[in-house]
Amino acid sequence: MTYIVNDKCIKCKYTDCVEVCPVDCFYEGANMLVIKPDECIDCGVCEPECPVDAILPDTLLKDPNDKAYWIEFNKKYAEQWPNIVRRKPALDDADSWKTVPDKMKHFDENPGS
């Protein structure tokens, strides 16, 4: 098992989860975070910290295609983006994006700053 970050994080990028992670397995893109599956120790302390419910255990993804997609998505970008170990302010308009559905069309592959 591993935890994954899904598209609910896009355009929000709250970093409350980063601060509680004991193994620093979060990586920062321009408008979202991901978890490196090989570094995650499945402790689950990050999940309740996310105000948009973007973090969940892969075991909750019942569709094998969804599970494989999100694990690979997190793995791919964790290998490209810089590690983040300290909390930062959320994106300026994060609150207005909290409930927007289907945020993948707003995904930005560029690394964080």
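**Figure 1. A cavity with a fully nonpolar lining.** By class, the second largest cavity in this predicted model has ten nonpolar residues around it, with no polar and no charged ones. Who are they? The lining is made up of Val 5, Cys 9, Tyr 14, Cys 17, Phe 26, Leu 33, Cys 50, Val 52, Ala 54 and Ile 55. The space inside comes to about 50 Å³.

**Figure 2. The largest cavity and its cysteines.** Here we zoom in on the largest cavity, which holds about 70 Å³ of space. How many residues line the largest cavity, and which lie nearest its centre? There are 13 in the lining, and Cys 21, Cys 25, Cys 40, Cys 43 and Cys 46 are the ones nearest the centre. Sorted by class, the lining of the largest cavity has eleven nonpolar residues, one polar and one charged. If you go hunting for others, a search of the whole structure turns up two cavities of 30 Å³ or more.

**Figure 3. Helix 2, end to end.** Helix 2 covers residues 64-80, which makes 17 residues. At 1.5 Å a residue, helix 2 should span 24 Å, and its end C-alpha atoms sit 25 Å apart, so the two values agree.

**Figure 4. The two sides of helix 2.** Which residues of helix 2 are buried? They are Trp 70, Phe 73, Asn 74, Tyr 77 and Ala 78. These buried residues cover an arc of only 120 degrees around the axis, so they lie on the same side of helix 2. Flip to the other side of helix 2 and you'll find Pro 64, Asn 65 and Glu 79, which are exposed. As for what covers the buried residues, the list includes strand 1 (3-5), strand 2 (26-28) and strand 3 (33-35).

**Figure 5. Lys 13, a positive phi in a buried spot.** Lys 13 isn't a glycine, yet its phi is positive, at about 55 degrees. You can find Lys 13 in the loop between strand 1 and helix 1 (16-20). Is Lys 13 buried or exposed? With a relative accessible area of 6%, Lys 13 counts as buried, because buried means under 20%.

**Figure 6. Asp 53, a positive phi in an exposed spot.** Asp 53 is another residue other than glycine with a positive phi, this one near 55 degrees. Where does Asp 53 sit? Its place is in the loop between strand 3 and strand 4 (55-57). Asp 53 has a relative accessible area of 52%, so it is exposed; the cut-off for exposed is over 50%.

Technical notes: Residues are numbered from 1 along each chain as its sequence is written. This is a predicted model: local features need pLDDT of at least 70, side-chain atom pairs count only at pLDDT 80 or more; totals for chains, interfaces and linings use all residues. Side-chain values use heavy atoms; hydrogens and water are left out. On a 1 Å grid over the protein atoms alone, a cavity is a set of points where a 1.4 Å probe fits but cannot get out, and a pocket is an open set with protein on both sides within 12 Å along at least five of seven lines; lining residues have an atom within 4 Å of a point. Grid points are joined across faces, edges and corners, and a volume is the space filled by probe spheres set on the points. Ala, Val, Leu, Ile, Met, Phe, Trp, Tyr, Cys and Pro count as nonpolar, Asp, Glu, Lys and Arg as charged, and the others, Gly among them, as polar. Helices (H or I, at least four residues) and strands (E, at least two) are DSSP runs, numbered from the N terminus. The expected span of a helix is 1.5 Å times one less than its number of residues. Buried means under 20% relative accessible area, exposed over 50%, partly exposed in between (1.4 Å probe, protein chains only). The arc is that of the directions from the helix axis to the C-beta atoms. Contact means heavy atoms within 4.5 Å.
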